[in-house]
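User: I would like to go through this model one point at a time, with the reasoning set out before each value. Please begin once the structure is shown.

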Amino acid sequence: MQIQYARPFRILHAIVVTVTICLSPSLFARDDADPYYEYRDEVDRGEFSYDDSQDIPWIENETEVLAVPRPDDLTEVRMGRMPPGMVLLVDKSRITVNPDDHVVRAWLWTRSDSGFEKGSFEGYRCDTREYKIYAWANPGRKPPVTKVSRPLWKSVKKGNYSYRAELLNDYFCGYRELRNANQIVDALTGEFHRDIIQKGQ
């Protein structure tokens, strides 16, 4: 009887050993063929797992629409993506960056060569590249400000005339972190870039 079951037992034993080896986590913990394994972090090794259950959901703070800016407070900003015959002005005296929700809020004003102009009070999120319009302004109406009933966040799209994308890339958002209000004003007036050039000399 022992001779009769010897071969099936060896086959079964071989299958168990093979499955055990293949499912062993230690084999996936390290690749001996990779000479840089010890120098790689857990992300490069594919071992990183992020638990988002403890993340605090982003909540936007309540937004107060500021009064229409005075003409003297509007500063023209050099933009490469404005439609022909249009200029963009920003109320740089009242740009705010909320430290809680990290939203940049400001009055933007567009003006055409023919004299037509309108304003919008907007918010920008650098993390998600989104913008929201809280209110519109038309100096020819009374009252001049019309609040948006249900403002929604929208993606900032790239394009030939996407001045919002240019605002995000060149003025509102830094390379590694959100700029504060003073840095944004310096960027809008050119002081920020001049400081970088002077420090690099």
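User: At roughly what angle do the axes of helix α3 and helix α4 cross?

Analyst: This is a predicted model, and in it helix α3 covers residues 163-172 while helix α4 covers residues 181-189. Their axes come within 9 Å. Angles of 65 to 115 degrees count as roughly perpendicular, and α3 is therefore roughly perpendicular to α4, the crossing angle being roughly 110°.

User: Which residues of α4 does α3 meet, and how do the residues of that contact divide by class?

Analyst: From α3, the residues that take part are D170, Y171 and F172, and on the side of α4 they meet I184, A187 and L188. Sorted by class, the residues of this contact are five nonpolar, no polar and one charged.

User: How many of the residues of α3 are buried, and which elements are included in what covers them?

Analyst: The buried residues of α3 are Y163, R164, A165, E166, L167, L168, Y171 and F172, so that the helix is mostly covered, with eight of its 10 residues buried. What covers these buried residues includes β1 (74-77), β2 (86-91), β4, β5, β6 and α4.

User: In what order do the helices and strands follow one another along the chain?

Analyst: The chain has five helices and eight strands. Of its contacts with a separation of 6 or more, 45% are between residues 24 or more positions apart, and buried residues make up 29% of the 201 residues. Read from the N terminus on, the elements run α-α-β-β-β-β-β-β-β-β-α-α-α.

User: Is W109 buried or exposed, and what is its relative accessible area?

Analyst: W109 lies in strand β4, which spans residues 103-112. Leaving aside residues up to four places away in sequence, W109 touches V68, P69, L74, V87, L88, L89, E117, K118, G119, A137 and P139. One of these partners, L89, is 20 residues apart from W109 along the chain, yet their C-alpha atoms are separated by 4.9 Å. Because buried means under 20% relative accessible area, W109 counts as buried, with a value of 3%.

User: Which residues other than glycine have a positive phi, taking the loops before β4 and before β6, and what are the values?

Analyst: Most residues other than glycine have a negative phi. H102, in the loop between β3 (96-97) and β4, counts as partly exposed at 40% relative accessibility, and R129, in the loop between β5 (117-125) and β6, also counts as partly exposed, at 28%. The positive phi is about 60° for H102 and about 55° for R129.

User: What is omega for the peptide bond that joins K142 and P143?

Analyst: P143 lies in the loop between β6 (130-137) and β7 (145-147). Most peptide bonds are trans. The bond that joins K142 and P143 is cis, with an omega of about -5°.

User: How much space lies in the largest pocket, and which lining residues lie nearest its centre?

Analyst: Rolling a probe the size of a water molecule over the atoms shows where empty space is left. The lining of the largest pocket has five nonpolar, three polar and six charged residues. The space in this pocket is about 250 Å³, and of the 14 residues that line it, those nearest its centre are R125, C126, D127, C173 and L178.

Conventions:
Residues are numbered from 1 along each chain as its sequence is written. This is a predicted model: local features need pLDDT of at least 70, side-chain atom pairs count only at pLDDT 80 or more; totals for chains, interfaces and linings use all residues. Side-chain values use heavy atoms; hydrogens and water are left out. On a 1 Å grid over the protein atoms alone, a cavity is a set of points where a 1.4 Å probe fits but cannot get out, and a pocket is an open set with protein on both sides within 12 Å along at least five of seven lines; lining residues have an atom within 4 Å of a point. Grid points are joined across faces, edges and corners, and a volume is the space filled by probe spheres set on the points. Ala, Val, Leu, Ile, Met, Phe, Trp, Tyr, Cys and Pro count as nonpolar, Asp, Glu, Lys and Arg as charged, and the others, Gly among them, as polar. Axes are lines fitted to C-alpha atoms, for helices over the stretch in contact, and angles run from 0 to 180 degrees between N-to-C directions. Helices (H or I, at least four residues) and strands (E, at least two) are DSSP runs, numbered from the N terminus. Angles under 35 degrees count as roughly parallel, over 145 as roughly antiparallel, 65 to 115 as roughly perpendicular and the rest as oblique. Contact means heavy atoms within 4.5 Å. Buried means under 20% relative accessible area, exposed over 50%, partly exposed in between (1.4 Å probe, protein chains only).
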